[in-house]
Structures are given as C-alpha cells and as structure tokens.
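User: I am new to this structure. Could you walk me through it with short questions and answers?

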Amino acid sequence: MKHSSIFSTAMHRRLDRRALLRGVGGVGAAGGIAALAGCGSLSSASAEEISFWHLLSGPDGVTMSGLLDEYMATDGAADVTQTVLGWGAPYYTKLAMASAGGRAPDIAVMHSARVPGYAPGGLLDAWDLDLLGEFGIRQEDFPELIWDKMEVEGELLNIALDSHPFVLYYNTDIADEAGVLDSDGLLLPTETPEDFRDLALELSGAAPSGYGLSFGWLGDGMNQWRMFYTYYTQMGGTMELPEGGTMQYQEEIAIDAIEWILSLIDGEAGNPSHDGGTAISEFATGGSGAFFGGVWEIGSYRDEGVPFDMTMVPGVFGPPTAYADSHSFVLPFQSSPDPERRRAVHALVAHVLKHSLAWADAGHIPAYTPVVEDPAYQELEPQSHYADAIDHLVYDPPAWFTGSGSDFSTYFGNTMQNVWARRTDPLEGWNAFVGRIDDLLAKPSPM
Amino acid sequence: MTTTDGLATPSGTARPAAGVSSELRRRRRRADNLRGWLYCLPFLAAFVLFLIWPTIYGFWMSLTGTSLAGTKTGFVGLENYAEAFSDPYVWSSLLNTVWFTVLSAVPLVIVALVLAVLVNIGLPGQWFWRLSFFMPFLLASTVASQFWVWMYNPQLGLINTVLGWFGITGPAWLQDPNLAMISVVVMTVWWTVGFNFLLYLTALQNIPDHLYEAASLDGAGRWRRLISITLPQLAPTTVLVLVLQMLASLKVFDQIYQMTAGGPGGDTRPILLYVYEVGFTGYRLGYASAISYIFFFLIIIVSIGYMVISSRRSVKS
C-alpha cells in the first residue's frame, strides 16, 4: 500500500490530558478568572506543538502513529500533529512548495536518496549532532553506508530511520517440496547464475502457477530499476551522474544485467509479463515459489497467511547487493526556527530511533544499529534473515532527479519497458535511457 | 396615451417630455449600472485573483528560471521558449495530445449522437437508458480510471478473462505501445460520453414536432426524416459539442496520469503531463510555464476558430 500512488490525506492528532488541561485553562482565562495554583504547572506543561509531514500510509502509517503516541506519553514531550500525503511526487511537490512558501512543517520524512537533489534549493536545515548526542544518538550508531547518505556536502541533512532493500521472498512450502531448503529450513545458497536458474526451475516445477519466480515489472519503472540496479551493481557496475556531463557507466555490464533479468522472466523460471499487483497476488495466494520485491510487502503476505521466508537477493555474480532507499527525517527550512521546537524535534527523532523495533515489524531494517543488534531484533523472523543487507546497500546514484518516486525510474521504465517485453533490443532500450538521462544532465540543476 | 405607452413606443407620442425622461432614464441607468457592477464584484474579484493575475504571473514566470523551491528567479528572456521549441519531448507530448483529441473527439460526438437518437426514438424505459449513459460522467476521474485499470489488467482483468473463454490471449492493454492510447480513448468515451449525449438529447427534444408531421404528410419515411430534418436541426449543437469536446480533450490529464502515467515509453504522455513532470517533479516552474503558454496559444487558436465558425453561422441565419 505504501508504495502505491493512491492519494491520501489524513490528519491525526492526539488529544491528551495536557491538551485538555490547556483547553480548560483557555476557557478559564476567557471567563476572566485569574489562574490560581495550577498556573505554574500549566505553563511548564504547555508543550511545544510540532507539525510532522510524511508519506507513510497503510500499515507503516499505523506503526508511525503508535511510535508518536509513545513519544507523546513521555515526560515533557511535544504535541505532534501528523499530516500524511500520497506517496511519491504528490508528497514531494507539496513539501517543496510548503517550504518555499515559508509554511514548512517542523519535521518531515524524505527518502535519503532524494536529499542530495533537494538540498541545494536551500529547503533543508541541518541537524545538530551535539543536540542529538544529548538524547543519546551518535554517529557510530549508524552503519557506514547509511551515514554516507545522511551527510550531504558535509552537512547532516537527514537522519535515517531505516533502510528498505529489494530482497527475495520464497514460499517455504513450495521450496520444501522442490527440495531447495537446507536442514534449517532456509533457501539453499546459490553461488553461480546457473545454480540460481536451476533453483528457480526446481521452484517452477513445484509451484501451482508454474512460475518459480514472480516479478512485477509491467508499467512499473521503479520496480524495473530496483531489479536492474541490484544485478548491475552485483556484477560490479557503477554509475555516476555528473551535472553538465554525461552518464558514466559500463555498457557491457548493463547489457549483461538486462540479459540476465530477461532470462529470469522467460516464462519458465519466472513470469514473463506481470505487473506489480499480479506478481504480489500470485505470491500471496501461494501460486509462485519466490518473489522479487521490497521488504515492505511483509505485512500483506503475513495477513494473507502464505508460508514464507526472506533472504537477500543471492549474490551469484559477486558479493550480494541490496538496492535500497531509506526513510529519513529532515528539517524543512525555517527562516527563524524556534529553538525550543527544534530541541523537541531532536528529542522526538531520538525517541523514534530508539524504539524502531516496532518499525522493523513492517519489514524495514532499522538504521539505528543498537536496535538491530538487540536480541529482540535477532529473534524477529524473517526480518533477521536479511538484516545483513545493511552491509551491502546500494542507493540511487546521486543527482537532482534521482531517488524513490522521482522521474529517474519513470524514465527507466519508459525506455526499458519494451526491452522486458522483448519488443526492443536491450542495447537500443538502454541507449534510449542513457540519452534521456544525458538530456537531463545537460541542463543545470533547477534547485 | 399614458407614459408607459410612451416608453414602450419611444418614437411615438411621448416626444414632448423627451428631455426630462431621457435625463431620468440616464440617471436610472447609471444607478442600475452601479448596482450591476456591485453584483458582479464578488465574481470579478475571484476572476482577477484566480484567473487574470495567475495568467499574468505565469507569463512572467515563463521568462524566468524559477524553481519549485522559489530559487533562481532571475529573468532569462525567451530562453525557456527557445528550449521548449527544441525539446523533442514537448513535441512528442503535444502530438500525443492532438492524437488523443482526434481519436476521442470523433467517437465522443458520433456515439453521443447515436445514443441520443436511440433514446429519443422512444425505447421503453427511457429513464433507464438516460441514466445508464449519463451515470459514468458523474464518477470522479480516480474512480473511473481504477475501474478500467482493473478491467484492462492483463492477467486478472475482466476483458482478458472474457477473451480467455474464447481461447484468446488478450494483450497488455495499457502497456502495449500500439494499444495504450486506444485503450485510454475507449475509457474516456465510456466515461464522458454522457455529457454530449445529454446536449444532443436536449437538442433533439427541442426539434418542433410539426416538422416531422409535415414531412410524414409528404410521405417521408423514418430514414428520410432523420437525414433531412433531425441532422440539419442538430447542426448548431454539433458545432458546440465538437468544440467543447476538442477543448476538453486537449486538456486531458487525469485519466492518463492515473492509468499509464504517460507510458509505455511516453507514448500516452499528453502535454499537460509533461508540464507537470517538468514543473513539479522536475522542479522547473519557469520552463513549465513557458510550455504551458505555448499550449495556451494553441487553445486560443482553437477557440477563435470556433468563434469565427459560429459567428458566420449566426450571420447566415
């Protein structure tokens, strides 16, 4: 649900005892009654009001609300008002315009990979690491690959809450029947592309749909990009998008990665032409053996009751890689931020990070290492089975037009769709993509 | 003769009092004018605030490099326009918009006419037909789009399931470059034909019965009456429907944004979606404004075309 494009706006506001007291105080003042003994305690309890914008709907939204409620129940906490907007472009355009119009919320969620493109517009303020330290959050609490994304040109612009990689789900019943589970009930390791293909074919043999692998790509540029970039980087490919230059990449590796994916969606190992919804429902109903997708589908599969486990996409060309992005907290630019509110926002983030075990339940890997190292997390299944991904994360190459829900993956889908549909030659499709991106690079960043 | 009579026939007997009454009339008219403007004021304020001013401001923005973040607001002259004219995506999306307009306007006029004539023949249960043809028009674009996204779904959709009963493997309607635009057009016809249908039905019901009676007496059959009376009588409505339809089709955005997001490969991306991409997800408001103005110019030409045609018609009649 989270990654669908359904627009949703919802306001959630907590009316607690404190707010009620303040209300009563207000009525009292209006009535001309001098505040008496309660005055002092009332003013000290008159918490800051924090506005918080994010794009977490569905189960993620529920989890976030729970975390915020917990935070607000702590001593001296601020009151948080959430505004939830539709995932992707609708959210980002509104956030940018609100910030440009001087009506920015006190705190917002962004995808880490979008921050480098967004920051030069002056729309973000930096976090105060010292202040975070007061609340017990330090640099060494984050994995290196994630911290790299949190700093942009030396400034700490976003605090990652999680990473949500692209992984492999597998149906344990089907895998068992196909004889591809080890004695611990985990998917057998695969070392080479041939191994992996054999495994997929074994799964196909045992799967009711006849497809070992489900992968929804039709009309979904984002998912096509996740799959491509996972294998492209696994094969050792790199990509750079220098402004004013041209896309830097390895053509041979790109074509190999495309050919490899085509060999998986050949109608034998995997489905040939599923869209996202079809692939999800195929796996959710126990039709297919395995499913390529983001960790956030955990909730829906659990609800469907399909027996499944998860693993990183196996590294059959080299060390595994996990294409990912992170939900992270940002401080939208304010011309004269109120120090007390800023302080409260830092406290809020620290609280949510430390309690992000709840967040892990929805599939995301918490960015805050102490939570991941906690035995409670290690007991979570299947979450702990792909937690190693934090050492193998790859994010979108930085540019002003990349990151989750940006035009970059839309253009990838636009130009590559016909390649996956086997209507266009891989090189031709790839060159069209490169051409599109070079057009964008030729123009200066608008921010 | 009373004064009222005099007012009714100004050239008649009221002449002696002309000086006084015309002065009075002028004063009254001025008071009326003032009152008229006062009544219009709320509308005028909204009109200036939400249409005139944005139009002027948008034009100014098109001459700057303004970003969504409100930065880079410097004047760049006609640079944005020059870029737009050499931007292949402007042309391809403009072509898509025109193609969509051609593909959709024709069936939206013809189907509406056929439906209206059929209903007007006097089929039993007229209210039912009227309701079912008009009802889709009342749906929000999101709802109508979702209906069709699911109907078009290659694996689970209604259309391919039905085709499957006959052993036919249906295509991926919205993802096949050759079919995507047609599929969107079919959905659009279903969704919006009700409005034109209603215009036609009203026009049909306004054709005087005596024309048909006279024709019947002269021995004209059903077909003859349709060709010689109904269609000519509907001509003004057809011009209206066609122009309204063209303007509506040129503005296509909602259903395409929701059904294909402009894909596959940009084959269904209309100009307004490109404006949205450039301006909002691409942060380039200035450039997006310039493209909008080029498109605005195109719409003005279509509107002037309509005014010329309709004024000629009124002169003729």
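User: What percentage of residues 94–306 of chain B is helix?
Analyst: This is a predicted model. The UniProt annotation "domain: ABC transmembrane type-1", from an unreviewed entry, covers residues 94–306 of chain B. The end C-alpha atoms of this stretch are 21 Å apart. Strand makes up 0% of the stretch, and helix makes up 75%.

User: Within the "transmembrane region" annotation, how far apart are the end C-alpha atoms over residues 98–119 of chain B?
Analyst: The unreviewed UniProt entry places this annotation on residues 36–60, 98–119, 131–151, 179–201, 226–248 and 290–309 of chain B. One of these stretches, 226–248, is 100% helix, with end C-alpha atoms 28 Å apart. Residues 98–119 are also 100% helix and 0% strand. Their end C-alpha atoms are 31 Å apart.

User: How many helices does chain B have?
Analyst: Read along the sequence, chain B follows the pattern α-α-α-α-α-α-α-α-α-α-α-α-α. The number of strands is 0. The number of helices is 13.

User: Is chain B compact or spread out, and what is its radius of gyration?
Analyst: The C-alpha atoms of chain B fill a box of roughly 85 × 70 × 30 Å along the principal axes. For 317 residues the globule rule gives 20 Å. The radius of gyration is well over that, so chain B is more spread out than a compact globule. Its value is 27 Å.

User: What share of the residues in chain B is buried?
Analyst: Burial here takes 20 or more other C-beta atoms within 10 Å of a residue's own. Chain B has 317 residues to test. The buried share is 31%.

User: Why is helix α12 of chain B described as largely enclosed, and how many of its residues are buried?
Analyst: Helix α12 of chain B spans residues 271–281. Its buried residues include B:Leu272, B:Val275, B:Glu277 and B:Gly279. The helix is largely enclosed by the rest of the structure because most of it is buried: 9 of the 11 residues.

User: Which residue just after α12(B) takes a positive phi?
Analyst: The place to look is just after the end of α12(B). The phi there is about 65°. The residue is B:Tyr283.

User: At what angle do helix α4 of chain B and α12(B) pack?
Analyst: From α4(B), B:Tyr89, B:Val90, B:Ser93, B:Leu94 and B:Thr97 meet B:Ile271, B:Leu273 and B:Tyr274 in α12(B). These contact residues divide into 6 nonpolar, 2 polar and no charged. The two axes are 7 Å apart. The angle is about 145°.

User: Which helix gives the most to the side of chain A that touches chain B?
Analyst: In all, 24 residues of chain A are in contact with 26 residues of chain B. On chain A, α4 (89–100) and α18 (407–420) each supply at least two residues. The chain A side divides into 9 nonpolar, 14 polar and 1 charged. With 7 residues, the helix that gives the most is α18(A).

User: Which residue in β15(A) is the bridge partner of A:Asn171?
Analyst: Chain A has an open sheet of 4 strands in the order β11-β14-β10-β15, with mixed pairing. The edge strands are β11 (213–214) and β15 (308–312), and each pairs on one side only. Strand β10 (residues 166–171) pairs with β15(A) in the antiparallel sense over 5 bridges. The partner of A:Asn171 is A:Phe308.

Key:
Residues are numbered from 1 along each chain as its sequence is written. Chains are lettered from A and ligands numbered from 1 in the order in which they are written. This is a predicted model: local features need pLDDT of at least 70, side-chain atom pairs count only at pLDDT 80 or more; totals for chains, interfaces and linings use all residues. Two residues are in contact if their C-beta atoms, placed from the backbone, lie within 7 Å. Ala, Val, Leu, Ile, Met, Phe, Trp, Tyr, Cys and Pro count as nonpolar, Asp, Glu, Lys and Arg as charged, and the others, Gly among them, as polar. UniProt positions are given in the numbering used here, feature names are shortened, and annotations may be inferred rather than shown by experiment. A residue is buried if 20 or more other C-beta atoms lie within 10 Å of its own, exposed if 12 or fewer, and partly exposed in between; C-beta atoms are placed from the backbone. The radius of gyration is taken over C-alpha atoms; the globule rule is 2.2 Å times the number of residues to the power 0.38. Axes are lines fitted to C-alpha atoms, for helices over the stretch in contact, and angles run from 0 to 180 degrees between N-to-C directions. Two strands pair if DSSP finds at least two bridges between them.
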